[in-house]
Amino acid sequence: MTRAAPILEHVCQAFELGHPRAPWQPVEGGVSNELRKLETTQGSFAVKRMIAGTERREFRANVEASFTVERAAVEAGVCAPRPVTPLG
């Protein structure tokens, strides 16, 4: 794989996504975040890296609020990617 292979392995392990089948692929269109498609032994996943506003003190609270809304939407039956938290 590429230079990103150690990071890719870490992401797969931290989120229990299985093992990568190929290098992850960038998904075009993101303005405030990086989005990559990841194919693993357990399926296909969207991996989002938050990059906008990370220096702001309210960043963590905003991410947690967003996660809560995303999780509630999935639990209510909205067709959307299931948010996954890292182990630990």
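**Exercise 1. Look at the hairpin of strand 1 and strand 2: which residue takes a positive phi, and how do the strands pair?**

Step 1. Find the turn: six residues sit between the two strands, and glycine 29 has a positive phi near 110°. Strands here are DSSP runs of E with at least two residues, and helices are runs of H or I with at least four, numbered from the N terminus.

Step 2. Check the pairing, which takes at least two DSSP bridges between two strands. Strand 1 (residues 25-26) runs antiparallel to strand 2 (residues 33-40), with two bridges. Proline 26 has arginine 36 as its bridge partner in strand 2.

A quick note: this is a predicted model, where local features need pLDDT of at least 70, side-chain atom pairs count only at pLDDT 80 or more, and totals for chains, interfaces and linings use all residues. Numbering starts from 1 along each chain as its sequence is written, and side-chain values use heavy atoms, leaving out hydrogens and water.

**Exercise 2. How many bridges join strand 2 and strand 3?**

Step 1. Count them: eight, in the antiparallel sense, with strand 3 covering residues 43-50.

Step 2. Look at the link: this hairpin has two residues between its strands.

Step 3. Pick out a pair: asparagine 33 is opposite methionine 50 of strand 3.

**Exercise 3. Which element gives the largest share of the lining of the largest pocket?**

Step 1. Start with the whole lining: 29 residues, with Phe15, Val47, Lys48, Phe67 and Val84 nearest the centre. (On a 1 Å grid over the protein atoms alone, a pocket is an open set of points where a 1.4 Å probe fits, with protein on both sides within 12 Å along at least five of seven lines; lining residues have an atom within 4 Å of a point.)

Step 2. List the elements giving two or more residues: strand 2, strand 3 and helix 2 (59-75).

Step 3. Name the winner: helix 2, with eight residues.
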